[in-house]
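Here is a friendly walk through a two-chain model, from the overall fold to the annotated sites. Please keep the viewer open as you read.

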Amino acid sequence: MTTAPILDESKVLELADPLPLDGGQSLPGVRIAYETHGTLNEARNNAILICHALTGDHHVVSNHPKTGKPGWWVRMVGPGKPIDTDRFHVICANVIGSCMGSTGPASPAPDGEPWGMRFPVITIRDMVRGHIALLDALGIESLHAVVGGSMGGMQVLSLAANFPERTRAALVIASTARHSAQNIAFHEVGRQAIMADPEWREGKYYEHGKGPEKGLAVARMAAHITYLSEEGLTAKFGRRLQDRAEKTFGFDADFQIESYLRYQGLSFTDRFDANSYLYITRAMDYFDLAEEHGGLLANAFAQSKARFCLVSFDTDWLYPTAESRNVVHALNAAGLPVSFVELSAPFGHDSFLLDVPALDRVIEGFLKQ
Amino acid sequence: MTALRPDLAVIAANVASGSSLLDVGCGDGTLMAALRDQKHCDARGMELDPANVGTCVARGLAVIQGDADKDLAFYPDKSVDYAILSQTLQTAMRPDMVLEDLLRIGRKAFVSFPNFAHWRVRMSLLWNGRMPVTRLLPIPWYETPNIHHLTINDFRALVKERGITVEGQWFLSGDARCSAAAANFRAEHAVFLLSRS
């Protein structure tokens, strides 16, 4: 069944009060871009909040305004789909720090100039504070569930831990309760690529009409490798050459994988702000849910009464199964009802966005209760 | 509701209403679902096979993909009324350690297993001189998950040696029951309710 493309249905909430941040500052004039699908019932208890990943946005099912591509989770969200908009009121909000409508470093500061590097460093919990402000404005006291993959999963864990009364279920896919040294290392490579680009200009590139596109593209290329599995790369590209019969003995993109990565990097710069990339990767690196709660992860969930479900993928080496198990053990120690499954899929970390029917079944089953 | 497997029916009949339990090796969650729906139990499960875990989650059950040999260590002491191990003991790497974990996690433990001293198994071994392949043990030796076959008398000896209290015991031959005295010869399945004082 094909449905008509859903065009941009963005709404924007402007917060009346400054948003307090973990870094000690507060962010004034916050705007939160979001979209909703499905009807909120009279009891206001059928809402599901979907949290997006690092370079994602609130266009979960609507077409992306810059690329025109369908929403990032159309295969999961919609009428009759695992996250069923005939049954649930689905909310997806752009995180603060992003560049897709919510306040971020490219947004104007109170002086009218772009924030740039004057934007305060934010955390995953700060992003969640933005979501909570949105739920307050929408009059939703308690969510049926909060759902997210990757960085979205971090927001799910943070929301369930820090605002336990706001959700009755939490679904965490391909995620972690803390960023590992390896995770931080890959992000640092990306940030350094951006900051080494002369066009970055200490983050003040907005008035020059050109940003650190080369640096951002390299950052995206490095990150993109971490989203795929070696098995997947080999199957898709192997050592095949790009539109040529022989190696050129030069530094053109001889190999298909090189050409693919260059394209991924380049097209990313059309849709994403380099400073946003710095701030959001920083927020992820700072994420350590146990550290926020006295060093013991089980303590993070002491006030929670939610049901939890965690899903990992066997080829995901960015947030491997052991990270999900770590969360599961903490939830067990906290006595909370938790389900966990490691699914087999060839696509690495990106599996949560791709065609994995077993994931559909788990999500649908977990949410229908 | 389909009828439960006989050993599961025994466990279901003897679990207190409203109790909490951990079903280790819960399969597709049949027992957990029955106890949740009929006895309002707070049922949690652990299962090795991801397809089974998916089925359980789709049934609304809280089930963790895990291995009884490795992942029971992460459950707190006395965190449930019953720890249940049905038809899984003989598949463990270290059944004795799994048994100790069950009695640490649960205030009581149900353990069920196929009896390798059942007369049909004995006959098969005696006449054919080969590892028995029977109705209850249908898989040949080289691919069976049952790596630690045991008899009812073996289990009784282990329980005694470890100072574990037997609070209940049921012996099944098909749908019929048999006496404790004849069990090691006549029972296909045994179900024990255990505790440690």
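Two residues are in contact if their C-beta atoms, placed from the backbone, lie within 7 Å. With that in hand, take Ile48(A): leaving aside neighbours within four places in sequence, Ile48(A) is in contact with Ile83(A), Phe88(A), Val90(A), Leu143(A), His144(A), Ala145(A) and Val147(A).

A word on conventions. This is a predicted model, in which local features need pLDDT of at least 70 and side-chain atom pairs count only at pLDDT 80 or more, while totals for chains, interfaces and linings use all residues. Residues are numbered from 1 along each chain as its sequence is written, and chains are lettered from A and ligands numbered from 1 in the order in which they are written.

**Overall fold of chain A**

Chain A holds 11 helices and 12 strands; these are DSSP runs numbered from the N terminus, with helices (H or I) of at least four residues and strands (E) of at least two. A compact globule of 369 residues would have a radius of gyration near 21 Å, and the 20 Å of chain A agrees with this. The radius is taken over C-alpha atoms, and the globule rule is 2.2 Å times the number of residues to the power 0.38. Along the principal axes, the C-alpha atoms of chain A fill a box of roughly 65 × 50 × 50 Å.

Of the 369 residues in chain A, 51% are buried. A residue counts as buried if 20 or more other C-beta atoms lie within 10 Å of its own, as exposed if 12 or fewer do, and as partly exposed in between, with C-beta atoms placed from the backbone. Among contacts in chain A between residues at least 6 apart in sequence, 72% join residues at least 24 apart.

**Domains and core**

The domain assignment, which is automatic or from a database, splits chain A into domain 1 (11-179 + 288-367) and domain 2 (183-281). Their C-alpha centres lie 25 Å apart. Across the boundary, 24 residues of domain 1 are in contact with 22 residues of domain 2. The side of domain 1 that touches domain 2 divides into 12 nonpolar, 10 polar and 2 charged residues. Here Ala, Val, Leu, Ile, Met, Phe, Trp, Tyr, Cys and Pro count as nonpolar, Asp, Glu, Lys and Arg as charged, and the others, Gly among them, as polar.

A nonpolar core is a set of buried Ala, Val, Leu, Ile, Met, Phe, Trp, Tyr and Cys residues joined through C-beta atoms within 7 Å. The largest one has 164 residues, and those with the most contacts inside it are Ile48(A), Val146(A), Val156(A), Ala170(A), Leu171(A) and Ala83(B). Helix H7 (residues 274-286) of chain A gives the largest share of this core, 8 residues. Both domains of chain A give residues to this core, so the core lies between them.

**Where the chains meet**

How many residues of chain B are in contact with chain A? The count is 16 residues of chain B, in contact with 21 residues of chain A. On the chain B side, helix H3 (50-58) and strand E3 (62-65) are the elements that give two or more residues, and H3(B) gives the most, with 5 residues. This side of chain B divides into 10 nonpolar, 4 polar and 2 charged residues.

**Annotated sites**

An unreviewed UniProt entry annotates Ser150(A), Asp316(A) and His349(A) as "active site". These residues span 200 residues in sequence, yet no two of their C-alpha atoms are more than 10.6 Å apart, so they gather at one spot. For "binding site", the unreviewed UniProt entry lists Arg220(A) and Asp350(A). Although spread over 131 residues of sequence, this pair clusters in space, with a largest C-alpha distance of 14.1 Å. UniProt positions follow the numbering used here, feature names are shortened, and annotations may be inferred rather than shown by experiment.

Four of these annotated residues are buried, as their neighbour counts show:

| Residue | Other C-beta atoms within 10 Å |
|---|---|
| Asp316(A) | 28 C-beta atoms |
| His349(A) | 24 C-beta atoms |
| Arg220(A) | 23 C-beta atoms |
| Asp350(A) | 22 C-beta atoms |

Asp316(A) lies in the loop between strand E11 (307-313) and helix H10 (321-333). His349(A) sits in the loop between strand E12 (338-343) and helix H11 (357-367), and Asp350(A) is found in the loop between E12 and H11. Arg220(A), by contrast, belongs to helix H4 (residues 213-227).

Beyond four places in sequence, the contacts of His349(A) include Ser150(A) and Asp316(A). Asp350(A) touches Tyr227(A) and Leu228(A), while Arg220(A) touches Gln264(A), Gly265(A) and Phe268(A).
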